[in-house]
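Biologist: I should like a close look at a single part of this model, namely the aromatic pairs, with the surrounding architecture described afterwards. Please begin with the residue you consider a suitable starting point and proceed from there in one connected account.

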Amino acid sequence: MDFLSYFALAILIFVVLTLAYGMIAIHDIPYHMALKRNHPHADAIHAAGWISLFTLHAIWPFLWIWATAYHPQGGYAGKPREKTDQADAEGSDATSRVAALEKKIAALEATASKSGRRETE
């Protein structure tokens, strides 16, 4: 074999090794994202990443979504809302509205039960 054949073989081996390393490095991206976000299932994401190597990364997009769905402060609900005075006022307004509706329901039930007694008599 001449020099060009050895050179082509070396390039082929380099490309195959680089692609293999690239696939292994890519599978760890969701795991590193999960570690950065203090994800409670980081170990499961890491194990699933290794499994995705054998499925040719078919489940890898789902691991990415799983890792990014968790937020350190808000959990899976996302970023926490900032507490404001307006939010507290809305919460107390909702509580008073619920109390008023409960009183109306009790009054309606009382009138319905009275009218039901009159019809049976």
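Modeller: Phe3 has a relative accessible area of 64% and is therefore exposed, since the cut-off for that class is over 50%. This value, like every other given here, is computed from a predicted model. The partner of Phe3 is Phe7, and the two residues stand 4 positions apart in helix H1, which spans residues 3-27, so about one helical turn separates them. Phe7 has a relative accessibility of 44% and counts as partly exposed.

A general remark on geometry helps here: a pair of aromatic rings is described by the distance of the centres and the angle of the planes. The structure holds 3 aromatic pairs. In the pair formed by Phe3 and Phe7, the ring centres are 6.1 Å apart and the planes meet at 20 degrees; the pair is stacked because that angle is under the limit of 30 degrees.

Another of these pairs joins Trp60 and Trp64, with 5.3 Å from centre to centre and 55 degrees between the planes, an arrangement classed as tilted. Trp60 and Trp64 also lie 4 residues apart, about one turn of the helix, in this case helix H4, residues 60-68. Trp60 is buried, at a relative accessible area of 17%, whereas Trp64 is partly exposed, at 35%.

Helix H1 also contains Tyr6. Tyr6 belongs to a nonpolar patch on the surface, together with Met1, Leu9, Leu12, Ile13, Val16 and Leu17. The accessible area of this patch amounts to about 760 Å². For the protein as a whole, about 9,800 Å² is exposed, and carbon and sulfur atoms supply 66% of that area.

The interior may be considered next. In soluble globular proteins, nonpolar side chains tend to be buried together. The largest nonpolar core here consists of 6 residues, namely Tyr31, Met33, Ala34, Ala42, Ile45 and Ala67. Helix H2 (29-36) and helix H3 (42-54) each contribute at least two residues to this core, and the largest share, 3 residues, comes from H2. Tyr31, one of the core residues, is in contact with Ala42, Ile45 and His46 when neighbours within four places in sequence are left aside. Across the protein, buried residues make up 17% of the 121 residues.

The loops that follow H2 and H3 in sequence each hold a residue of note for its backbone. Most residues other than glycine have a negative phi. Asn38, in the loop between H2 and H3, has a positive phi near 55 degrees. His57, in the loop between H3 and H4, likewise has a positive phi, of about 65 degrees, although it is not a glycine. The surroundings of these residues can be set side by side: Asn38 is exposed at 59% relative accessibility, while His57 is buried at 17%.

As to the overall arrangement, the protein has 5 helices and 0 strands, and its pattern along the sequence is α-α-α-α-α. Among contacts with a separation of 6 or more, 51% are made by residues 24 or more positions apart.

Key. Residues numbered from 1 in each chain as written. Predicted model: local features only at pLDDT ≥ 70, side-chain atom pairs only at ≥ 80, totals over all residues. Heavy atoms only, no water. Core = buried A, V, L, I, M, F, W, Y, C linked by side-chain atoms within 4.5 Å. Buried < 20%, exposed > 50% of the residue type's maximum accessible area, 1.4 Å probe, protein only. Contact = heavy atoms within 4.5 Å. Phe/Tyr/Trp six-rings, centres within 6.5 Å; stacked < 30°, edge-to-face > 60°. Patch = residues over 30% accessible without salt bridge, like charges linked within 9 Å, V, L, I, M, F, W, Y side chains within 5 Å. Areas by Shrake-Rupley, 256 points an atom, 1.4 Å probe, with all protein chains shown as cover. Salt bridge = Lys/Arg side-chain N within 4 Å of Asp/Glu carboxyl O.
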